[in-house]
Amino acid sequence: LDAALGGPDEPPGLGLSRGSLDNRLVDLARQAGVEVVEDSRVGRPLVERGRVVGISARHAWTGPFSLRATVVVAAEGRHSALVRQTG
């Protein structure tokens, strides 16, 4: 996101709703070739040798599944269940 911030006589910042930000991030991820999985709920992290290597989840229609990843981002806010589960 590129945004010009105002000077002394203009608004001091930029506000963006979480929904708008989420939608933009998903669009950019798709454009970069990321496989986006929607309608799913993350259950727990997959941990091997003390490192998070993916997640187990449940899709609304097809049921449980697991995904492995080089990087796992828990972008679910300050009280992230994944962060609590991994310390």
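Two strands are taken to pair if DSSP finds at least two bridges between them, and the exercises below apply this to a predicted model.

**Exercise 1. Establish how the strands of the sheet are ordered and which of them stand at its edges.**

Solution. Begin with the pairing of β1 and β2, which is antiparallel and extends over 8 bridges. Continue with β2, residues 51-59, which is joined to β3 by 6 bridges, again in the antiparallel sense. Both counts satisfy the requirement of at least two bridges, and the outcome is an open sheet of 3 strands in the order β1-β2-β3. Since β1 (40-48) and β3 (63-68) each have a single partner strand, they stand at the edges, so one side of each is left without a neighbour in the sheet. Neighbouring strands of this sheet are turned against each other by 25 degrees on average, with direction ignored.

**Exercise 2. Trace the bridge partners of R58 through the sheet, and then place other pairs around R58.**

Solution. On the β1 side, R41 has R58 of β2 as its bridge partner. On the β3 side, the bridge partner of R58 is P64. Two steps therefore lead from R41 through R58 to P64, under the rule that pairing rests on DSSP bridges. Further pairs can then be added: V42 is bridged to A57 in β2, H59 stands opposite G63 in β3, and G54 has R68 of β3 as its bridge partner.

**Exercise 3. Describe the connections between the strands, and identify the residue with a positive phi in the hairpin of β1 and β2.**

Solution. The hairpin of β1 and β2 has 2 residues between the strands, and the residue with a positive phi, near 50 degrees, is R49. The hairpin formed by β2 and β3 has 3 residues between them.

**Exercise 4. Check whether the span of helix α1 agrees or disagrees with its number of residues.**

Solution. Helix α1 covers residues 18-31, that is, 14 residues, and at 1.5 Å a residue its expected span is 20 Å. The C-alpha atoms at its ends are 20 Å apart, so the two values agree. Just after α1, G33 takes a positive phi of about 95 degrees.

**Exercise 5. Characterise the largest pocket by its volume, its lining and the elements that contribute to this lining.**

Solution. The volume comes to about 1200 Å³. The lining consists of 31 residues, and those nearest the centre of the pocket are V36, V37, V42, V73 and A75. The elements that give two or more residues to this lining are α1, β1, β2, β3 and α2 (81-86), with the largest share, 5 residues, coming from α1. Sorted by class, the lining of the largest pocket holds 19 nonpolar, 4 polar and 8 charged residues.

**Exercise 6. State where confidence in the chain is lowest and where it is highest.**

Solution. Over the protein chain the pLDDT averages 85, and 87% of the residues score at least 70. Confidence is lowest in α2, with a mean of 78, whereas it is highest in β3, at 96.

Key
Residues numbered from 1 in each chain as written. Predicted model: local features only at pLDDT ≥ 70, side-chain atom pairs only at ≥ 80, totals over all residues. Heavy atoms only, no water. Helix = DSSP H or I, 4+ residues; strand = E, 2+ residues; numbered from the N terminus. Expected span 1.5 Å × (residues − 1). Axes fitted to C-alpha atoms, helices over the stretch in contact; angles between N-to-C directions. 1 Å grid on protein atoms, 1.4 Å probe; cavity = no way out; pocket = protein on both sides within 12 Å on 5 of 7 lines; lining within 4 Å. Points joined across faces, edges and corners; volume = space filled by probe spheres on them. Nonpolar A, V, L, I, M, F, W, Y, C, P; charged D, E, K, R; others polar. pLDDT = per-residue confidence, 0-100.
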